[in-house]
Every structure is written in structure tokens, then in C-alpha cells.
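Trainee: I'm new to this one. Can we go through the labels and see where they come from?

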Amino acid sequence: MSSASAPSRPVPRPGVQAIEAYVPGKAEAGAGVKVYKLSANETPIGPSPKAMEAFRAAAALEFYPDGSSTKLREAIGAAYGLDPARIVCGTGSDELITLTTLAFAGPGDEVLYSQYGFLVYRIATLAAGATPVVAPEKDYHSDVDALLAAVTERTRIVFLANPNNPTGTYIPAEEVRRLQRGLPPHVLLALDSAYAEYVHREDYEAGTELAESCANVVMLRTFSKIYGLASLRVGWLYGPAEVVDAVNRIRGAFNVSAPGIAAATAAVGDAAHVEAAVAHNDVWLPWLTEQLTALGLDVTPSVANFLLVHFPDEPGRTAREADAFLMQRGLILRRVDAYGLPGALRLTVGTEEANRLLVDALAAFMGRNAPAEASAGEASAGEASAGEASAGHGA
Ligand SMILES: Cc1ncc(COP(=O)(O)O)c(C=O)c1O
């Protein structure tokens with residue numbers, strides 16, 4: 001039966017072996033050291049208590065969940081003013097990135113994203129058998145001209161994380177719209193707005209309007225970041241009916257768990273908790289930026305809940321050495337070598353305790369005194385409800 005040229009064992013499709021498996025941020029330090037996990041852009045204030053309650057109540061584990069995540073889609077629709085029929089829920093937005101890629105790109109097709117774009121775009125592209133194409137960034141910002149210049153007749157999808165991970169930078173709504181206008185109508189623009197809730201800039205849009213009005217735009221969102229439900233793996237996609245239909249056809253029939261549906265439904269209804277998370281970030285993101293800059297580190301200005309910090313290329317001061325130094329103190333940051341950024345570390349805004357420990361540790365690492373305490377004092381004084389909300393949660 002078998003032909004002489006057939007391999008002697010199962011061989012993955014072309015592209016699969018080219019995938020460098022996603023290496024998540026570390027979660028453990030040395031034995032006996034209190035851990036401050038600042039490596040995965042999780043929220044320091046935890047999930048909404050209402051989400052926790054709903055999660056605990058969803059304990060009928062012998063039953064399959066609602067395969068359409070109906071209650072959750074309705075709750076998202078109500079919270080964001082969207083049509084639930086145009087929402088697909090997924091096992092994290094990671095799954096929706098993969099499903100969208102599988103549905104719209106395959107061998108011979110190209111998927112485009114920017115230089116420091118979220119790594120999962122590359123993994124999903126290779127898994128689909130398609131070819132990743134990378135457009136250069138300008139000063140750690142996605143560059144619309146470079147993206148448009150990289151479009152070919154083979155391009156099927158453009159992924160744009162806005163703000164982007166790991167840079168934390170964003171591009172204004174008008175630039176995103178210019179990108180959409182410049183794409184051929186058959187090229188899907190996937191706007192990944194995982195950190196949208198943290199951004200308040202007048203010229204920023206998460207992509208809702210574009211996903212509503214353009215036949216070639218989808219928006220991806222997640223419950224893993226500001227909603228604090230990363231462990232449950234829930235994300236959602238909003239887009240045109242035809243794209244939603246295609247993704248629904250290939251997703252697992254029961255892709256979101258019942259506890260995930262229940263917790264996310266409660267979380268999206270708790271606006272006060274989201275506000276507390278934003279308030280916390282609004283205090284500590286600028287504080288960390290200022291303090292680390294004062295230590296002589298180069299910090300890429302971020303609008304999200306994390307910072308990309310560039311270390312000097314000097315023995316004793318490198319990112320690799322800083323990572324090891326911080327790890328000994330239980331402060332776990334994210335190496336970003338896989339993004340082509342070996343001289344930088346990414347850190348998540350943590351609890352007040354974690355943020356202060358981090359600045360002290362980096363001051364010691366850089367051989368400096370910790371920057372003046374005045375602005376830190378002002379920072380915590382400015383934090384009203386967010387301070388309370390953060391109490392009691394480990395980083
Ligand atoms: C830009 C971006 N998109 C998507 C995701 C995936 O989130 P989820 O936990 O929903 O899969 C992340 C997580 O780090 C991210 O940074």
C-alpha cells in the first residue's frame with residue numbers, strides 16, 4: 001500500500017516546524033522568595049468579585065456549556081452597544097486569532113503584521129500554512145505606510161494590535177482608518193484591541209466603528225487583561241456577519257467553558273471594577289515611567305498596562321542581567337528576545353507594593369539611589385478607590 005517515497009512516520013504540514021512555540025512569561029522565582037509576577041500583563045487588582053461569585057456558582061461540571069455563549073454575547077452587546085449576532089466568543093482571543101487566520105489564509109497566502117507585532121500572529125500564520133510578512137516599525141510604533149507598502153496580491157489578513165504588545169504604543173484612529181482605506185477590499189484587517197480599556201486618548205479608537213461599518217474589519221477583545229480572567233480563557237471577536245459565520249463554522253462546538261461564560265458575563269456588567277482597574281493603572285503607569293526614566297533607563301511611552309524598558313548595552317547593566325537580578329528578588333519580568341528585543345524587558349504595572357519594590361530593585365541594579373520619593377507619594381495620594389481595590393491581591 002505505502003509508496004516508496006512516503007515518510008516512515010507522520011510528518012506535520014509545512015510551516016509547523018518553523019514555529020517557535022510561544023514561551024509564556026515566567027511565573028516562578030527562587031524557592032522561598034515572594035513572587036511578583038509582572039510578566040504577562042495581568043491585572044494587579046484581580047477580577048470583579050461579581051465574576052468570582054458567578055464562577056463559583058457555575059459548578060455543574062458534568063454538563064456541556066452553551067456552545068453559542070449566548071448570555072455572554074448578549075452581555076457584551078449590552079455593555080458595548082453591539083449586535084450580539086456579530087460577536088463570536090473564543091477560548092481567549094488567541095483562539096480567535098488562530099481561527100480567523102485558518103478561515104482566511106492558507107498555503108500560498110500572506111499574513112501581514114508589524115515588526116514587533118504580537119507573536120501569536122506569526123504562530124497562527126505558520127499553523128495555517130500561510131507566510132508571515134513583517135512590516136518595519138517607526139520608533140516602536142506600527143507604521144501604516146510600511147504596512148501598506150508590504151501588501152501584495154497574496155495578502156489575506158493584516159493584524160494590528162493597537163495598543164501593541166510588547167511595545168505598549170498605539171496609532172491614532174485616523175491612521176487605522178487610513179490603513180483600512182488603503183487595503184484591497186478582500187484583505188481582512190484584524191484589529192486586536194486587547195488593551196483598549198486602558199487607553200484614554202482622544203485620537204484613539206478600539207475599532208468598534210470600523211468593524212461595524214467595513215466588510216473587511218474585525219475587532220478582537222479579551223477578558224484576560226482588564227477583566228482579570230486570564231485563567232478562564234475568554235475572548236471575543238466583533239465583525240461583519242460573513243466573517244462571524246466563517247469563524248463559527250470552524251470553531252470548536254463548545255469552545256468557551258461554562259465557568260468562563262458565567263464569570264465573563266458578570267465581569268462585563270461590573271463597570272465599577274473596570275474603572276478601578278483603569279484608575280490604578282492611571283496612577284502607576286506614569287509613576288513607573290517617570291521613576292525608571294529617572295534611573296537612566298529608556299522607557300517606550302505606553303498607553304497600556306505594561307512598559308517596554310530598554311537597558312544599556314554595557315556589561316553589568318544588560319536586560320539579561322537585570323532579569324536575573326530582579327528574579328532573585330521575586331520580581332518576574334518578561335524577556336522579549338523572541339520579539340527581536342534582547343536589550344529590553346517588558347513589565348506589567350503591578351500592585352503598589354510590587355511597583356515600589358521594582359523601582360528600588362532597579363535602582364540597586366543601576367547603581368543609583370531610588371528617585372525622589374515626592375512623586376511616588378503624590379502617586380499614591382492620587383489613587384482613590386483603586387488603592388482600596390488593590391489591597392489584598394498578590395501581584
Ligand atoms: C495584543 C494581544 N492580543 C491578544 C492576546 C491574547 O489574549 P487572550 O488571553 O485573550 O488569549 C494578548 C495577550 O497577551 C495580547 O497581548
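Mentor: Sure, handedness first: a crossing is left-handed if the near helix is turned anticlockwise from the far one by less than a right angle, and right-handed if clockwise. Here α3 crosses α4 in the right-handed sense. Keep in mind that this is a predicted model, where local features need pLDDT of at least 70, side-chain atom pairs count only at pLDDT 80 or more, and totals for chains, interfaces and linings use all residues. Residues are numbered from 1 along each chain as its sequence is written, and side-chain values use heavy atoms, with hydrogens and water left out.

Trainee: What makes α3 oblique to α4?

Mentor: Helix α3 (residues 92-104) and helix α4 (residues 120-127) pack at about 40°, their axes 9 Å apart. Under 35 degrees is roughly parallel, over 145 roughly antiparallel, 65 to 115 roughly perpendicular, and the rest oblique. So α3 is oblique to α4.

Trainee: Why is the pair Arg-178 and Asp-145 called a salt bridge?

Mentor: The term needs a side-chain nitrogen of Lys or Arg within 4 Å of a carboxyl oxygen of Asp or Glu. In this pair, the closest N and O atoms are 3.0 Å apart, so the salt bridge definition is met. Arg-178 sits in helix α6 (residues 173-182) and Asp-145 in helix α5 (residues 144-149), 33 residues apart.

Trainee: And Asp-323, buried or exposed?

Mentor: Buried means under 20% relative accessible area, exposed over 50%, partly exposed in between (1.4 Å probe, protein chains only). Asp-323 has 5%, so Asp-323 counts as buried. Asp-145, at 43%, is partly exposed.

Key:
Axes fitted to C-alpha atoms, helices over the stretch in contact; angles between N-to-C directions. Helix = DSSP H or I, 4+ residues; strand = E, 2+ residues; numbered from the N terminus.
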